[in-house]
Amino acid sequence: MKNSINKITIPIFIAVLGLWNVAIAQEKKVLETQVAFNRIQLLDKYVSEGATMGDIDNDGIMDIVAGPFWWKGPEYKQSYAYSQVKYFPVDAPGLAGYSDIFFTFSGNFDGDQWSDILQIGLPASDGKWFKNPGKDFNTSKNSKPEYISFNAQDNVCNESPQYIDIIGDRKKELLAYSNGYITISLPYKKGKDDKWKVLAISPHDPSRFARFSHGLGSGDINGDGYLDVLEKSGWWEQPKKWNKKDPWKYHKYDFSPNQGGAQMFAYDVDGDGDNDVVTSMNAHGYGLSWHEQISESKSKITFKEHIIMTDSPNDNPYGISFSQLHALDFADIDNDGVLDVITGKCYKAHNGKDPGSNDPPVLFWFKTNRKSDGTVEFIPYLIDDDSGVGRQITAGDLNNDGKIDVVVANRKGVFAFIQK
């Protein structure tokens, strides 16, 4: 661990198999864990604010996609370009200091057997998908990508879009803001127009559903079997028989009362049978919380906030505090049947102008520990202290060993953390 760590310089208790898997305590010693990761840096240049996983070459092994490249698994030593290669400055004023690729998602968008790539850039730019040419593309040179791109959705906004099956048709949709609405967009059907079908689930409100908004996700809040949409100031209830035209019913609750955080998740954190909400509180500040669902009836749902982390180490039982939680994912890291939180510090999210910007770019997983008295604690374990996150973390099983791995990308480069 580097001596320069500011908010997290408190005694270290554990180092597992040569890689820091750290718990930092004030009054409380962390539970030991056998979880540890091998760190692989795929690229040391700035190409993207996010990374994803997908079987791009259709060989049954997951590959990694970030920026204009994909890396072939399971070694992840060879990269191939699918779009125009550009490297971006780590330090530059204004929007010149940002990659024009924030997110990548993998999916089969045209109905053939090959996984295509969806690319989302700076908020308000158009989302593009790149058709996988299958066995016909040239893998020998990164300088001449062979993928053909199509426009997916115009004006993709919010800094936490997700690609997920929301409407229950067994196909994923892009959840985002666009032109003053909350939208879900459906990939086009084979043989029809290339542009995706965009459906608004909210009324038009350009000031509220703005370009650089933060905090977005989905989950079944009221237990009716339909996924609802989460945003920083409430949740939108999916109708049981939606006509794909009318706005969904809005339920106000300030999950993140200020700026809003990152990806949001609905999950039964405390195991009581209803879904709670986990969110970072400020993408460019501090805070991580889970909101316990308090239900008097299905028609009257509210929440109670439980603070996991603030801007002060004194507010966390393990003395943990870091800023800029601009990306978040949820996965069962330790295979105990309960989902855990993966997040970290975004490296220079606002060109180094955010609180705590000079602190080390850490990456943590927080174990969801359900206690016998019905309470829940989130136990922090350090994955790495020199990578952090961008706008997108992807957690999944890269090598089919039944263990969850993590990929990230930001101004530090592209990284894979493969669980031992």
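This report describes salt bridges, selected buried residues and a charged surface patch in a predicted model.

Residues are numbered from 1 along each chain as its sequence is written, and side-chain values use heavy atoms, with hydrogens and water left out. Because the model is predicted, local features need pLDDT of at least 70 and side-chain atom pairs count only at pLDDT 80 or more, whereas totals for chains, interfaces and linings use all residues.

**Salt bridges**

The structure holds 16 salt bridges, each defined as a side-chain nitrogen of Lys or Arg within 4 Å of a carboxyl oxygen of Asp or Glu. Three of them are listed below with their N to O distances.

| Pair | N to O distance | Separation in sequence |
|---|---|---|
| Lys72 and Asp57 | 2.6 Å | 15 residues |
| Lys131 and Asp112 | 3.2 Å | 19 residues |
| Lys195 and Asp154 | 3.3 Å | 41 residues |

The bridge between Lys72 and Asp57 links the loop between strand 4 (69-71) and strand 5 (79-81) to the loop between strand 2 (51-54) and strand 3 (63-66). Strands here are DSSP runs (E, at least two residues), numbered from the N terminus. Lys72 is partly exposed at 31% relative accessible area, while Asp57 is buried at 16%; buried means under 20%, exposed over 50% and partly exposed in between, with a 1.4 Å probe and protein chains only.

Lys131, in strand 8 (residues 125-131), pairs with Asp112 in the loop between strand 6 (103-107) and strand 7 (116-120). Lys131 is partly exposed at 28%. In the third pair, Lys195 lies in the loop between strand 11 (181-186) and strand 12, and Asp154 in strand 9 (residues 148-164). Lys195 is partly exposed at 39%, as is Asp154 at 32%. Salt bridges that share partners also join Glu49, Glu159 and Arg391 into one network.

**Buried residues**

Ala36 lies in the segment before strand 1 (37-43) and is buried, with a relative accessible area of 2%. Its C-alpha is 9.5 Å from that of Tyr381, although the two residues are 345 apart in sequence.

Asn222, in the loop between strand 13 (216-219) and strand 14 (228-231), is buried at 9%. The side chain of Asn222 makes a polar contact of 3.1 Å with that of Glu237. Such a contact is a pair of N or O atoms within 3.5 Å; within protein, one must be able to donate a hydrogen and the other to accept it, and residues adjacent in sequence count only if both atoms are side-chain atoms.

**An exposed lysine**

Lys197, in strand 12 (residues 197-200), is exposed at 52% relative accessible area.

Definitions and conventions
Helix = DSSP H or I, 4+ residues; strand = E, 2+ residues; numbered from the N terminus.
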